Amino acid sequence: MTETTPGWMTSDELETARARMPILYVDAVPVRVDDSGEVTSIGLLLRIGADGTINRTLVSGRVMHHERVRDALLRHLEKDLGPVALPRVPAALQPFTVAEYFPTAGITPFHDPRQHAVSLAYIVPVSGDCRPRQDALDLVWFTPHEAASAAVQGEMPGGHGVLLKQALAHVGVTY
């Protein structure tokens, strides 16, 4: 099948690029906030991993060639949370951290066996109705303390649990 969307690579082209250079990604931690801006809930996706295990993950995906980071973030939020999630992407697009994923485990807490990837990570309040789409099975809302628990962290592969704890610390949640 020929890909007609500009910015997408064929599977072979992507495999070649992944073998030669870091790929840019965005990670998003969807949150619900109260009227004072305090984080009350964190949304985690339920997915089936490549190895067949069920995992909890954050919204994540590649930035395409000639795509603004803001547009990539919105595209992945809509893809994973649905078209009426109503994300509020910050006006100043400063990530709370930069995560560097390596194909070799142990270099950083972040691991992606497919590639070396650099991800800009954001906390994004959502106020609409979230209905997971694409390959997400479900979206579950956790309190900040539940999200930081060992049980939930144990279900988050590749360093997403570490990234989630960094997001919680960034918004002032102690656990």
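**Figure 1. Arg68 and Asp71 form a salt bridge in this predicted model.** A residue counts as exposed when its relative accessible area is over 50%, as buried when it is under 20%, and as partly exposed in between. Arg68 has a relative accessible area of 52%, so this residue is exposed. Its partner Asp71 stands at 33% and is therefore partly exposed. The two side chains meet with N and O 3.1 Å apart. The structure shown is a prediction.

**Figure 2. The whole protein, for orientation.** The protein has five helices and seven strands. From the N terminus, the elements run α-β-β-β-β-α-β-β-β-α-α-α. The C-alpha trace spans about 45 × 35 × 30 Å along its principal axes. For 175 residues, a compact globule would have a radius of gyration near 16 Å. The protein has 16 Å, in agreement with that value. Of the 175 residues, 43% are buried. Take the contacts between residues at least 6 apart in sequence: 66% of these join residues at least 24 apart. The protein exposes about 9500 Å². Carbon and sulfur atoms supply 54% of that area.

**Figure 3. Arg47 and Asp80 link a strand to a helix.** The model holds eight salt bridges. One of them pairs Arg47 with Asp80, and their closest N and O atoms are 2.8 Å apart. Arg47 lies in strand β2, residues 39–48, and Asp80 lies in helix α2, residues 69–81, so the bridge ties together parts that are 33 residues apart in sequence. Are these partners buried or exposed? Arg47 is buried, at 11% relative accessibility. Asp80 is buried too, with a relative accessible area of 0%.

**Figure 4. Asp112 and Arg114 meet in a salt bridge.** The N to O distance is 2.7 Å. Asp112 is buried, with a relative accessible area of 10%. Arg114 is partly exposed, at 47%. Elsewhere, salt bridges that share partners join Arg47, Lys79, Asp80 and Asp135 into one network. Arg47 and Asp80 are the pair shown in Figure 3.

**Figure 5. Ile42 is a buried residue of strand β2.** Where does Ile42 sit? Its place is in strand β2, the element that also holds Arg47. Ile42 has 1% relative accessibility, and this value falls under the 20% limit, so the residue counts as buried. What does Ile42 touch, leaving out residues up to four places away in sequence? One set of partners is Val29, Pro30 and Val31. Another runs through Val140, Trp141, Phe142, Thr143 and Pro144. Ala147, Leu164 and Leu168 complete the list. Val31 is eleven residues from Ile42 along the chain, and their C-alpha atoms are separated by 4.5 Å.

**Figure 6. Tyr101 and Phe110 form an aromatic pair.** The count for the model comes to one aromatic pair. How are the rings of Tyr101 and Phe110 arranged? The pair is tilted. The ring centres are 5.3 Å apart, and the planes meet at 55°. An angle under 30 degrees would count as stacked and one over 60 as edge-to-face, so 55° falls in the tilted range. Tyr101 and Phe110 are both buried.

Terms used:
Residues are numbered from 1 along each chain as its sequence is written. This is a predicted model: local features need pLDDT of at least 70, side-chain atom pairs count only at pLDDT 80 or more; totals for chains, interfaces and linings use all residues. Side-chain values use heavy atoms; hydrogens and water are left out. A salt bridge is a side-chain nitrogen of Lys or Arg within 4 Å of a carboxyl oxygen of Asp or Glu. Helices (H or I, at least four residues) and strands (E, at least two) are DSSP runs, numbered from the N terminus. Buried means under 20% relative accessible area, exposed over 50%, partly exposed in between (1.4 Å probe, protein chains only). Contact means heavy atoms within 4.5 Å. Rings of Phe, Tyr and Trp (its six-membered ring) pair if their centres lie within 6.5 Å; planes under 30 degrees apart count as stacked, over 60 as edge-to-face and the rest as tilted. The radius of gyration is taken over C-alpha atoms; the globule rule is 2.2 Å times the number of residues to the power 0.38. Accessible areas come from the Shrake-Rupley method with a 1.4 Å probe; for residues, only the protein chains shown count as cover.
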